[in-house]
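Subject: Structure handover

Hi,

Here is the structure I promised to pass on to you. Please open it next to this email, and my notes follow below.

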Amino acid sequence: MTTSKKFRTALLQWNKLDNKRQMPWKGEKDPYKIWLSEIILQQTRVEQGWAYYERFIERFPTVQQLAAARDEQAFKLWEGLGYYNRCKNLLFTARYITENYNGRFPDSYPDIVALKGVGPYTAAAIASFAFNLPYAVLDGNVFRVLSRVFGIDIPIDSTQGKTLFAELAQETLDDTRAGEFNQAIMDFGATVCKPLAPLCTVCPMRHFCEAYRHGNVNVLPVKQKVLQKKTRWFSWFVLRVNDKMFIRKRGSGDIWENLHEFYLVETPAQPHWNKQELDTLLKNQLAVNNYELENAGPVTSQQLTHQTIKAQVLTLRLPEIPESLREKEWLPYRKVSQLAFPKLLSQWLAGWKL
DNA sequence: TATACGTGGTG
DNA sequence: TCACCAAGTAT
C-alpha cells in the first residue's frame, strides 16, 4: 500500500475515533460563516480568534449585515487581532458579494479565490467545507504533517517546495470527502503532529512516518529564510486641550494602516525627552510655545513580525488647539474609545484615567 | 518573488 | 529573553 493510501486511512480513522477538537465554526455549512472564520484564522491561533468570530457573527449574522457596517465599527471589533488589512478586505468583499452576487456567496473555486483577501488556502477551505469541492488545503499544519510523514526536507518557503507540497496535498486528499479530510488534517497537525513536542508515541502514523523512522521529526518542516528585524523608536504625544485629544488615522505604507494613534514622533534612536528637547520639538513641529508635560509613561516594547517597536506615551496639555493641527482631529474620550488602536495604545487608553 | 503585515503562546 | 510559529495574502 502506498504511503498516501495509508495516510488517508489512518487520518480518517483518527478523525472518527480520536479527534476531540471542537470549535464554533466546525461543521458549519454557511459559506459566509466559514469565510469569516477562515479570514480570522489566517496566521492566527484558534484560541485567539475564537471570541472574535463569535462577536462578529453576533453583530453581523449575514454578509449583507457585514456589508452595511460602518468601517470604524468593524475595525473596533477587529482591534487586537492584528493583520488589519484582513478587516479592510473583509468589508470590501462583503460589499462586493452583496452587490455583485446579490448577497449569495460564490460557490465555485475560481469565483471564491478571486475574492479580495482570499488566497489558495482560504478558497480551498471554503470550497471544501461549504460545497465539498475537491480542493486540498495547504496551511502550516499541512506543510508540517506532510513534510514529516513523507520525509521531505525541501524548504516549504521555496518555490519548488510550495509546488511540490501543493501537488502532494492534492494527491493525498480524499476527494470524495474533501471537507472532512481537510478538517481532519488540520486538526491532526494542531493536536498530534504539533510544531513543538509532537505526540509521536501515540501517533497512528508512526509506523509509516519517514521523519519518525529517521529521527528527524524535530527538524521538519525545513524553512530557508530567516527574517530580518529592526528596532524603531516611537514617542506618542497625547496632546490635550480641555476634554479633547488629538487623534489621527494611520495611512498606507507602514504598519497599523487604518488604525488610530496620537501625535507620533519617530526617532532613529532612543529619545530622552527633557524640557529643552520638548521645547524644541513643540516649537519646530507644531509652533507651540506654551504647554505642560502632564505625564511621561514607561518605555514599552512590542514585537512585530519584522520589527520591534519601542514606545513611550507622553501626555501634554495645551492651552488651545495649535493652528498647525486640524480642528476635526480633536476628539473627546467618548469618541476616541470607539476607534481602533494598536495594542500598545489600546492598552494605554484602557489604563487612562482622566 | 521576496517581503511586509500583529498579536500571543510556547519551550 | 528569544526564536519560532499560528487555518496566509497582497504586492
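Before the notes on packing, one term: two residues are in contact if their C-beta atoms, placed from the backbone, lie within 7 Å. Please also keep in mind that this is a predicted model.

Let me begin with that packing, at helix α9. Among the elements that cover its buried residues are α1 (3-17), α10, α11 and α12 (210-214). The helix is mostly covered, with eight of its 10 residues buried. Those eight are V142, F143, R144, V145, L146, S147, R148 and V149, where buried means that 20 or more other C-beta atoms lie within 10 Å of the residue's own. Just after α9, G151 has a positive phi of about 60 degrees.

Now the chain as a whole. Chain A has 15 helices and nine strands, and its C-alpha atoms fill a box of roughly 80 × 50 × 35 Å along the principal axes. Of its 354 residues, 30% are buried. If you look at contacts with a separation of 6 or more, 68% of them join residues 24 or more positions apart.

Next, the DNA. Around strand C there are 31 residues, and G119, T122, D139, G140 and P195 come nearest. The elements that give two or more residues to this surface are α2 (31-41), α8 (120-131), α9 (140-149) and α11 (178-191). Helix α8 provides the largest share, four residues. Sorted by class, the surface near strand C holds 12 nonpolar, 12 polar and seven charged residues.

Around DNA strand B there are 24 residues, of which G82, Y84, I255, T305 and K343 come nearest. That surface divides into eight nonpolar, 13 polar and three charged residues.

On annotation, an unreviewed UniProt entry lists residues 40-191 as "domain: HhH-GPD". In the model, this stretch is 66% helix and 0% strand, and its end C-alpha atoms are 20 Å apart.

One last residue to look up is Q170, which is found in helix α10 (residues 159-172). Is Q170 buried, exposed or partly exposed? It counts as partly exposed because 14 other C-beta atoms lie within 10 Å. Q170 and Q224 are 54 residues apart in sequence, and their C-alpha atoms are 24 Å apart in space.

Happy browsing, and write back whenever you like.

Best wishes

How values were computed: Residues are numbered from 1 along each chain as its sequence is written. Chains are lettered from A and ligands numbered from 1 in the order in which they are written. This is a predicted model: local features need pLDDT of at least 70, side-chain atom pairs count only at pLDDT 80 or more; totals for chains, interfaces and linings use all residues. A residue is buried if 20 or more other C-beta atoms lie within 10 Å of its own, exposed if 12 or fewer, and partly exposed in between; C-beta atoms are placed from the backbone. A residue is near a molecule or strand if its C-beta atom, placed from the backbone, lies within 6 Å of it. Ala, Val, Leu, Ile, Met, Phe, Trp, Tyr, Cys and Pro count as nonpolar, Asp, Glu, Lys and Arg as charged, and the others, Gly among them, as polar. UniProt positions are given in the numbering used here, feature names are shortened, and annotations may be inferred rather than shown by experiment.
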